[in-house]
Amino acid sequence: MDFRVMGLDSPLFHTLQHMMDMSEDAAGDNKTYSAPTRSYVRDAKAMAATPADVKEYPNSYVFEIDMPGLKSGDIKVQVEDDNVLLISGERKRDEEIEGVKYLRMERRIGKFMRKFVLPENANTDAISAVCQDGVLSVIVQKLPPPEPKKPKTIEVKVA
């Protein structure tokens with residue numbers, strides 16, 4: 001079905017049209033349709049479930065993420081590709097005690113992850129992380145601004 005015939009010509013309808021065409025193509029041949037992998041879906045869910053605040057100070061960037069009940073061994077802070085800050089870990093369910101059963105389970109469990117592309121002036125050699133009162137604060141220091149180039153004076157020789 002072509003939405004342009006009905007006067008519906010917008011990016012949303014183009015995307016919907018593409019998705020419908022793709023599903024028709026994939027109906028007969030599973031090789032043409034590439035569904036997201038399980039790891040991609042798992043990573044996407046982990047990132048969506050990990051909200052963060054990012055602040056910029058004159059000398060640093062601060063990333064704050066709520067991590068209630070986690071120990072330092074459950075949290076991993078890394079730098080990938082020289083400019084991507086990766087914060088990940090796993091929140092596990094408490095060990096089951098015999099005779100105790102859950103009446104309600106609302107706290108999130110499972111893996112969490114966030115990736116942040118760091119600005120060019122971020123000093124990846126000066127990163128610190130502190131988890132206090134259930135809030136992880138990752139501090140990334142800024143590089144000092146480059147010195148302005150001074151004009152080069154060239155001596156003129158008289159011949």
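## Phenylalanine 116 and its partner

Let's start with phenylalanine 116: with 10% relative accessibility, this residue is buried (under 20% relative accessible area, with a 1.4 Å probe and protein chains only; exposed is over 50%). Keep in mind that this is a predicted model, where local features need pLDDT of at least 70 and side-chain atom pairs count only at pLDDT 80 or more, while totals for chains, interfaces and linings use all residues. Residues are numbered from 1 along each chain as its sequence is written, and side-chain values use heavy atoms, leaving out hydrogens and water.

The structure has 1 aromatic pair (ring centres within 6.5 Å; planes under 30 degrees apart are stacked, over 60 edge-to-face, the rest tilted). Phenylalanine 63 and phenylalanine 116 have ring centres 4.8 Å apart and planes at 45°, so the pair is tilted. Phenylalanine 63 sits in strand E2 (residues 60-66) and phenylalanine 116 in strand E5 (residues 110-117), so the pair ties together parts 53 residues apart in sequence. Strands here are DSSP runs of at least two residues, numbered from the N terminus. Phenylalanine 63 is buried too, at 4% relative accessibility.

## The nonpolar core

The largest nonpolar core has 15 residues, and Phe63, Met67, Leu85, Ile87, Val138 and Val140 touch the most other members. Such a core is a set of buried Ala, Val, Leu, Ile, Met, Phe, Trp, Tyr and Cys residues joined through side-chain atoms within 4.5 Å. E2, strand E4 (84-91), E5 and strand E7 (135-142) each chip in at least two of its residues.

## Out after E7

Proline 144 turns up in the segment after E7, and its 66% relative accessibility makes it exposed.

Terms used
Phe/Tyr/Trp six-rings, centres within 6.5 Å; stacked < 30°, edge-to-face > 60°. Helix = DSSP H or I, 4+ residues; strand = E, 2+ residues; numbered from the N terminus.
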